[in-house]
Structures are given as C-alpha cells and as structure tokens.
Amino acid sequence: LILAALSAYLQAPGYLLWGDSFVKWELAKSISQHGLGYPYNELSFTNWHPTFPIVLMAVTLKISGGIFLFPAMQSALLSLGAYVVLRRVTPAYTALALTSILLLIPTNIIYSAIHMPEPLMTAFALILIGTLLHKEKLILKYEIYPFLIIVSILFITTAWIRPNFAICAPIIAFFAVTRSPYRLLLAIALLAMSISLLHTWDKLLNVNSQDVSVVSMAAEIVGLSKMTNGATCDNCLDFIGNTESARQNYRHEDAGYMLWGKDGGITPYKVALIENAPKIRKLWWDSVTSAPFEFIKMKTIKAYWIYLGNRPTATTGTPMTTNWTGVISEITRTEAACNCQVGPLRNQAAELATNIRFPALEEKPLLGLAICLALIVSSLALPSPSATAIRLLASTSILYYAGFLLNMQRVEFRYYYPSWMLMLLAVVIFLQCITST
C-alpha cells in the first residue's frame, strides 16, 4: 500500500488518455454533485464507456475533491490483488517482496496510474483469482454459499468494468466448485447474471441509450463489404453514416479510422444507439451468411493483428482540445483537469516505461499465449498450490484475450494488459516454485 501510494503521488494525477478520460471525468464530476438517479442523458452523457468505473471515479472525487485518489485506489487494489494471489503460494514477506518487484516494472508503474478500465479490471480479476485460490480457508470459515456469493459479486463487478471478462465464466466456475454438474450450473449462472446485470449502472444513471457491442459488428459489415466490393452491403449502413466512406477508411486492425477519422463514414453515436442494434445485428448476420469464406478470411486477418500486431498505448504527448480544459498541451490539460500540478516523476516514469519495455511480450500476444500453454503443461509436475495458481492465472489470461476475436474494435496493448499481467504473475509463481523446490 505504501508503494502504491508513493507511485500514485509521484505520477499524480496519473495519465488521462485522449478524450476518453476527460469525458469519463466530466460524468464522474456530475455524479459527485447530483448522485445516482439524476437524468444524466439530458446532459448529453451516454454509456459508450462502462459506467461502473465512472461511479467509482465519482466516489473518489466526492471524498477527495480531486482526481488523485482514483489512481491511488487503483494502484492499491492492483497491489492487493497481486499480493493475495502470491500469498497463497509463498510466505508473507516473500509475497510482499514479489508484489513490490512486479509493481516496479515500468509498464506496471504506468498502468497502475492510467485512467482507463483495464488496470482496474485487472485488479478486481486478481482479487477474484486470489479468492478462488484461498477457497478451502474461506469455505471453512464462511461455508460454501457465502463463498460462492463473494465469487459471484467479484465476477460481476469485474465484468462491469470490462464486459469481455464474462467469457471467463467457465474457468471461474471450474475452480470455484469441485463437482462437474455444479461447475456447469455455476458457469451458466455467472454468465447469465453478468449479462442480465450488465446495464445496471447505466439505468441508475439514466444513460442506457447505447449498445456498444454492435460497433464491432458494424465494422465487420463494412469489412465484408470492402472484401466483396459492396456485394454484401452496398449502402446498407447509410442510416448510420456513409457506407462508401466507411469502406474506404476501413482497416481490419482498427475500427477507429471509419468512426473517428475525418470523413470516416460511420457516425459513432448513431451506430451504438439501442434502437439501431437489432437492425445492425440482422445486417451482420446477412453479411456473414452471404459471404462465409470472406468472413473466415476476415476473422483470420483480425486474429493475426490481435496476436501478432499489437501496438503500444501512448500515455503522454497526446494533445487534444477538450470541453473540460479548452487547452491542447497534454501537461497543461491534465493540470487543468485536476486543478493540480503533475507529480515530480510523472514524465520520467512515462519515458522510462517507453524505453524499458518488453516489445516481444507486449506487441506479440501469441508469445504470451505460448508461455501460458507451456506453464499449464509444466504445472502438472508442480505441487498443488502453485500448480492451481498457475493454471487459473494462465487459463484466464488465454480466454480473456481470446474474447477479442469475437468483439474487437482496435488492437492496442492496453486491451491486452490484463492478460499480460496474469501471465506475468503465472511466470513469477512458476519461477519461485522451481527455485524453492
């Protein structure tokens, strides 16, 4: 916790990326003033971004009066999650030392203070995994049903931050209970609860106006249209933009060019409107069934980008005029947003993370996939606590990132970060186990 607080202070107020972070803080600022139930849709706010993290941002803003507390909380939760996992397989002091070393890796230093959902999701996922690893002790103390309630709450909370995590329900169920029939029932229950409760906070904030899951479907409609020279969809998306412009700006690895680029083609707020979602889903299905081979080819290309074409996420030096600050300098706009001065080592930390990276692991998730598979196989020869931890971490890492094969808007390291962190922890546990043995 001391290390997390120090990291947050030195990098204060963290890294506000592009316009996304500012839009979320604008909503958080309003929530801190008006609370839940206020008609935030009348203030032009939407649920384009997951709203549960924004509610947490609002709570920290209400408590502290500034945005510093949020990255501090996020860093503390990330530290706690890593410690809880490591504590299951190592003594307390060893777990503390390994947690400190992990958090001092430049990538983790930066990501612990980024105002984006991935590090926060990683923290909750680690706390959930740590809870599963301490299953016997918790069941002995609280019995099985309270334990399953805790697991369910942590799972739903993690999915609130990043809905992609819902795909990990089978893995969580497998490690939560021992009998196969109950595993299947729990997996179905977790998946059903995460889907049914997905828009809980959107409704509480009156911003449940968009279904962002169809954005990637619209991108795939455009992709198939481009691959078939308009045969699958000549102008079928003109009700949300300009299909021809979207075709010209389409890229398999990044839907942003057809959404946010100048004359991109698709209007972002229209494509995600709930009332447009059924029509887009039908158009997607019609496109896929009319050009199945092109669809398979497109998905193969996307898989290449997902596993071999990852790009780093810029943390500083992203000038942008915003409604909040009205300025373009990254440092100036950040200081204006938080009404504070940036931390004494913020820029140095960002530069350090840029220069000291693991390009092969960060930009080639296929290598991380291979490492996770190798760790799962190797765990067969390890003692139980370490073997279980490695299998749980590695399998969750694999399945979470594989979910982007189903729903991908952009290839970028920040989306891979949760899987990267889980893989890193699995490697640390493996090395610690074989050296101690």
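Is the crossing of α4 and α24 left-handed or right-handed? The points below address this and the surroundings of α24.

1. Overall composition. The model is predicted. The protein chain contains 24 helices and 0 strands. Of its 437 residues, 54% count as buried. Where contacts join residues at least 6 apart in sequence, 76% of them link residues at least 24 apart.

2. Geometry of α24. This helix covers residues 413–436, 24 residues in total. The distance from its first C-alpha to its last is 33 Å, close to the 34 Å expected at 1.5 Å a residue. A bend of about 30° is nevertheless found in α24 at Ser419.

3. Burial of α24. With buried taken as under 20% relative accessible area, 19 of the 24 residues of α24 are buried, so the helix is largely enclosed by the rest of the structure.

4. Packing against α4. Helix α4, spanning residues 69–87, packs with α24 at an angle of about 35°. The two axes lie 11 Å apart. In answer to the opening question, the crossing of α4 and α24 is right-handed.

5. Residues at the contact. From α4, the participants are Leu78, Ala82, Val85 and Leu86; from α24, they are Tyr417, Leu425, Val428 and Ile429. By class, the residues of this contact comprise 8 nonpolar, no polar and no charged.

6. Spacing along the helices. An α-helix has 3.6 residues a turn, so residues three or four places apart point the same way. The contact set may be read with this in mind: Leu78, Ala82 and Val85 are among the α4 residues that meet α24, and Leu425 and Val428 are among their partners in α24.

Key. Residues numbered from 1 in each chain as written. Predicted model: local features only at pLDDT ≥ 70, side-chain atom pairs only at ≥ 80, totals over all residues. Heavy atoms only, no water. Helix = DSSP H or I, 4+ residues; strand = E, 2+ residues; numbered from the N terminus. Expected span 1.5 Å × (residues − 1). Bend = angle between axes of the 7 residues up to and from the residue. Buried < 20%, exposed > 50% of the residue type's maximum accessible area, 1.4 Å probe, protein only. Axes fitted to C-alpha atoms, helices over the stretch in contact; angles between N-to-C directions. Left-handed = near helix turned anticlockwise from the far one by under 90°. Contact = heavy atoms within 4.5 Å. Nonpolar A, V, L, I, M, F, W, Y, C, P; charged D, E, K, R; others polar.
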